[in-house]
Amino acid sequence: MKITIVGLGYIGLPTAAILASKGNNVVGLDIDKKVVETVNSGNIHIVEPGLESITREVVENGYLRATTIAESSDVFIIAVPTPFKGNFKPDISYIYSSIESISPIIKKGDIIILESTSPVGTTEKILEKLKSNRPDLYFPEYESKSSSYDVSIAYCPERILPGKALEELEKNSRVIGGISRTCAENAVKVYKLFVKGDCILTNSRTAELCKLVENSYRDVNIAFANELSIISDKLDINVWDLIELANHHPRVDILQPGPGVGGHCISVDPWFIVDSVPNEAKLIRTARQVNDSKPSHVLRQVDDAINKLGKNISDTSITCLGLSFKADIDDLRESPALEIVKSLCQLGFNRLNIVEPNISILPNSVDSNMCSLVSLKFGIKDADIIVVLVDHSEFKLIDESLLVKKHLVDTRGVFHRCGVQI
Ligand code: SAJ
């Protein structure tokens, strides 16, 4: 079976590497020449534990190669980005261009699977596009019982956690939504090549919403924790103690508050539901707003710390611990920590230090005249105010005696037992 993975990003490349490692003939199709060259030289352009060695091996033994030109295959798995445009409207143009690039080469018997997070109805739009591009082929009808068609089309959302991609690709169960039942059954044959979890069949619309619901569920639950942290600050209660106590109830399991929700999934996907049913998705929209408002709350906490310190800002040094969107990764996409640092850059501190052990240079979006990347040791020593923005493993090991006399804004509860929180 020859399999083409369209899009060699955070999802496509690990999927291509795993499929190739099982002895399949895999081609990675990407519009970015640099990505194609990197992969063909056995290297990778993203950070994902274990991916580099497996990619090198499958490229060396010929099971994986990358290209910018679509070629005939038996299976096409589409894993391209679906960002949102202004006003939180989903942008599925990358999916459409993928379909344009493979339309001329698809043939009878092929299986086309969409994995990109997509608004409900996208797989049917793909079907319509293919029908108009290839009137010579016979396509299935939505939810039809018939199996007499030429090309199978299905939606199977990815569910892997960045940082654990290789493990979760094999272990996680998959929801596989066909345009028709037999389309889903044909797609299952592809996932059975590497998935050890269950493959559960449904229609494409349900599978599309299922992916959006999974990430919205997490967003709503994090919003509850974030709202509790704002309520607790107002009522002068330690939110970490509060949540720990409440979670002793057998049916309560509250997540952890933070500086906001980042990454390219949970902070984006709920908007796809809001966009398609704006009048009905009230809770989902509010959760997004609660999480998006959290960086402003953190900035107010920093303001309180400055007032308590009683020095001019131009005489005050502040250190931010962490810049990535969550612990122990280098990914800065939609990071609330980055948003907070950008705002702090405008306040005119004597020194604004950033400690981020997972990157070596600051991103261009941060004004490097106003802040600098420093070591953890220097950052702690130099600071009047310390703002914990990410719970990286290194920060959990800090000797708490070094924090006495520092003004601490701990958005992640890393030091919630040390008693020096403001
Ligand atoms: N966060 C909190 N408090 C918590 C948990 C998370 O503030 O208690 C924050 C994190 O710091 C981060 C954000 O939420 O800023 C998202 O992190 P995450 O670890 O919850 O999720 P992601 O974005 O890395 O991956 C999610 C996963 N979805 C779910 O767990 C439902 C993953 O399985 C998906 O495959 C991925 O989105 C995706 O690609 O859609």
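This presentation walks through helix 3, the salt bridges, the cysteines and a surface patch of the structure shown above. Please keep in mind that the model is a predicted one.

Let me begin with helix 3, which spans residues 51–60. Its buried residues are Leu51, Ile54, Thr55, Val58 and Val59. Viewed down the helix axis, these residues fall within an arc of 130°, so they line one face of the helix. What do they pack against? Their partners are helix 1 (12–21), helix 2 (33–40), strand 3 (64–67) and helix 6 (165–171). On the face turned away from the buried side, helix 3 carries two exposed residues, Glu57 and Glu60. After the helix comes Gly62, with a positive phi near 85°.

I turn now to the charged side chains. How many salt bridges does the structure hold? The count is 23. One of them joins Glu100 and Lys129, at 3.3 Å from N to O. This pair links distant parts of the chain, since Glu100 lies in helix 4 (residues 93–102) and Lys129 in helix 5 (residues 122–133), 29 residues apart. Glu100 is partly exposed, with a relative accessible area of 38%, and Lys129 is partly exposed as well, at 25%.

A further salt bridge connects Lys211 and Glu158, whose closest N and O atoms are 3.4 Å apart. Here too, distant parts of the chain are linked: Lys211 sits in helix 8 (residues 204–234), while Glu158 belongs to the loop between strand 8 (152–155) and helix 6, and 53 residues separate the two. Both Lys211 and Glu158 are buried.

The bridge between Arg134 and Asp136, at 2.8 Å from N to O, pairs a buried residue with an exposed one. Arg134 is buried, with a relative accessible area of 13%, whereas Asp136 is exposed, at 55%. In addition, Lys2, Arg65 and Glu71 are linked in a network of salt bridges.

Next, the cysteines. A disulfide is a covalent bond between the sulfur atoms of two cysteines. The structure holds 0 disulfides. Why does Cys210 not form one? The closest cysteine sulfur to that of Cys210 belongs to Cys156 and is 10 Å away, which is too far for a bond. Cys210 is partly exposed, with a relative accessible area of 23%, and Cys265 also counts as partly exposed, at 31%.

Finally, I come to the surface. Ile231, Leu235, Ile237 and Leu242 make a nonpolar patch of about 340 Å². Among them, Leu242 is found in helix 9 (residues 239–246) and is partly exposed, with a relative accessible area of 33%.

Technical notes. Residues are numbered from 1 along each chain as its sequence is written. This is a predicted model: local features need pLDDT of at least 70, side-chain atom pairs count only at pLDDT 80 or more; totals for chains, interfaces and linings use all residues. Side-chain values use heavy atoms; hydrogens and water are left out. Patches are made of residues with over 30% relative accessible area and no salt bridge: like charges are joined within 9 Å, nonpolar side chains (Val, Leu, Ile, Met, Phe, Trp, Tyr) within 5 Å. Accessible areas come from the Shrake-Rupley method with a 1.4 Å probe; for residues, only the protein chains shown count as cover. A salt bridge is a side-chain nitrogen of Lys or Arg within 4 Å of a carboxyl oxygen of Asp or Glu. Helices (H or I, at least four residues) and strands (E, at least two) are DSSP runs, numbered from the N terminus. Buried means under 20% relative accessible area, exposed over 50%, partly exposed in between (1.4 Å probe, protein chains only). The arc is that of the directions from the helix axis to the C-beta atoms. Contact means heavy atoms within 4.5 Å. A disulfide is a pair of cysteine sulfur atoms within 2.5 Å.
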